Amino acid sequence: MEYIDLHCPSNIESVVLEDEAAELMMEIRDASPTHYSLKIESFSLLSESGIDKFESNVFNAGGYKWKMIIYPNGNTRENGSGHISVYLAITGLNSMRAGWEVNAIFTFFVFNQLRDNYLSVRGKMRRFQPIKTLWGLPKFLSHKTFKDPSNGYLVDDKCVFGAEIFIIHRQAIGECLSMVKSNDLFKRQWKICNFSKLRKDWLSEEFTVGGYNWKLLVYPQGNVTSKGCYISIYLKFVNAKDFNQHQKVKANCSINLKDQINGACKKLSYCEWFSSTAPTWGFSGYMPLTQLYDEKNGYLVKDCIVVEVDLKVVFKHSVRNLS
């Protein structure tokens, strides 16, 4: 890649000075424009015809449709008088989704017919959106530089312009945290009978809290490491199977085992995030089986236990692609 050197006209440098805010990058290269080239065979006729601007045919680049717009005598509305002004306009807006935006870095070219290479001018990233569908360079090239025969841009009244567009795809991940403002506390009891005869896990019917479905899960003889020693009690998040990896729900939960004789209860609480990878939260060692089966404690009466759940959904959280 060859940068502008002393062989190039000194007034090329002045283009950079005229538009320092645009952070232009200028270079000479051999390769032709990747996306679009426009050859004008009678530039003087176009310049003298009274036509303010010329719009190219639609071309595709980066998955979008574009037009190149050239002002042969400069866009006077943007102080481009005495220059050639070049712009890119995004088209096909009817097929774009609501709230669309396209971030792009574009490069404009003019062909040096004497040296068989291109002067390229690249600007900084621009955002195309419904309120701004056109970006460009009002002072792309001065008429003095363009028409100087030694520069090779205009030969036999012919010239070639071009454009390349690099689309910047936003892959940033953003988080959306939704706080559920609710004073409603869900409370429900289940009486589980024939408890001593249960050999597998016991699962309640579904119930809805905070717009989500839940179930109470009880292992009468314990689960995994607590098997045979403790009763295990959990809350199961039914909607977890429908969640993607970035969605989760935080809930305050209290699991209470009622003392059916004395009116007291064993109470354990937690506040945790439920998700597709953590669909169940609770206590594997909720209570030793020896304590549960001790009749004077009142937890097991006539082979029945009473489990109460207090539940409140406090947060909803998701991560989405910001595109």
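## A disulfide and the chain around it

The link of C193 and C304 is right-handed, with 110° about the S-S bond. Their sulfurs sit 2.3 Å apart, which satisfies the rule for a disulfide (a pair of cysteine sulfur atoms within 2.5 Å). C193 belongs to the loop between β14 (186–192) and β15 (202–203), and C304 to the loop between α4 (289–293) and β22 (305–321), so this pair ties together parts that are 111 residues apart in sequence. C193 is partly exposed at a relative accessible area of 36%, while C304 counts as buried at 8%. Here buried means under 20% relative accessible area, exposed means over 50%, and partly exposed lies in between, with a 1.4 Å probe and protein chains only. C253 takes part in no disulfide, as the nearest cysteine sulfur, that of C271, is 9.8 Å away. C253 is itself buried, with a relative accessible area of 2%. The structure holds one disulfide in total.

A few ground rules will help. This is a predicted model, in which local features need pLDDT of at least 70 and side-chain atom pairs count only at pLDDT 80 or more, while totals for chains, interfaces and linings use all residues. Residues are numbered from 1 along each chain as its sequence is written, and side-chain values use heavy atoms, leaving out hydrogens and water.

As for confidence, the chain has a mean pLDDT (the predictor's confidence in each residue, from 0 to 100) of 88, and 87% of its residues reach 70 or more. Over residues 1–22, pLDDT stays under 50, and the model has 32 contacts beyond four places in sequence for them. A contact means heavy atoms within 4.5 Å.

The chain has four helices and 22 strands; these are DSSP runs numbered from the N terminus, helices being H or I over at least four residues and strands E over at least two. Of its 323 residues, 44% count as buried. Among contacts between residues at least 6 apart in sequence, 65% join residues at least 24 apart.

What about the interior? A nonpolar core is a set of buried Ala, Val, Leu, Ile, Met, Phe, Trp, Tyr and Cys residues joined through side-chain atoms within 4.5 Å. The largest one has 38 residues, of which W66, M68, F146 and F161 touch the most other members. Beyond four places in sequence, M68 has contacts that include Y36, F54, F59, V86, L88, F108 and F161. A second, separate core of 36 residues includes V209, F243, I255 and I305.

Now for the charges. A salt bridge is a side-chain nitrogen of Lys or Arg within 4 Å of a carboxyl oxygen of Asp or Glu, and by this rule the count comes to 10. The table shows three that link distant parts of the chain.

| Pair | Closest N to O | Places | Separation in sequence |
|---|---|---|---|
| R29 and E164 | 2.3 Å | strand β2 (residues 25–29); strand β12 | 135 residues |
| E205 and R188 | 2.4 Å | loop between β15 and β16 (207–209); strand β14 | 17 residues |
| K197 and D303 | 3.9 Å | loop between β14 and β15; loop between α4 and β22 | 106 residues |

E164 is buried at 14%, and D303 counts as buried at 18%, whereas K197 is exposed at 59%. Both E205, at 36%, and R188, at 31%, are partly exposed. Elsewhere, K53, E55 and K67 are linked in a network of salt bridges.

K215 lies in strand β17. K215 is buried yet has no salt bridge, the nearest side chain of opposite charge being E206 at 4.4 Å. For such charges, Lys and Arg count as positive and Asp and Glu as negative, with His and the chain ends not counted. Residues touching K215 include L203, E205, E206, F207, Y234 and V238.

Three loop residues round off the picture. P220 lies in the loop between β17 (212–219) and β18 (230–237) and counts as buried, at 1% relative accessibility. Among the residues in contact with P220 are F195, W202, Y230, I231 and L289. D157 is not a glycine, yet has a positive phi of about 65°, and its place is in the loop between α3 (143–147) and β12 (159–168). K302, with a positive phi of about 55°, is not a glycine either; K302 is found in the loop between α4 and β22 and is exposed, with a relative accessible area of 80%.
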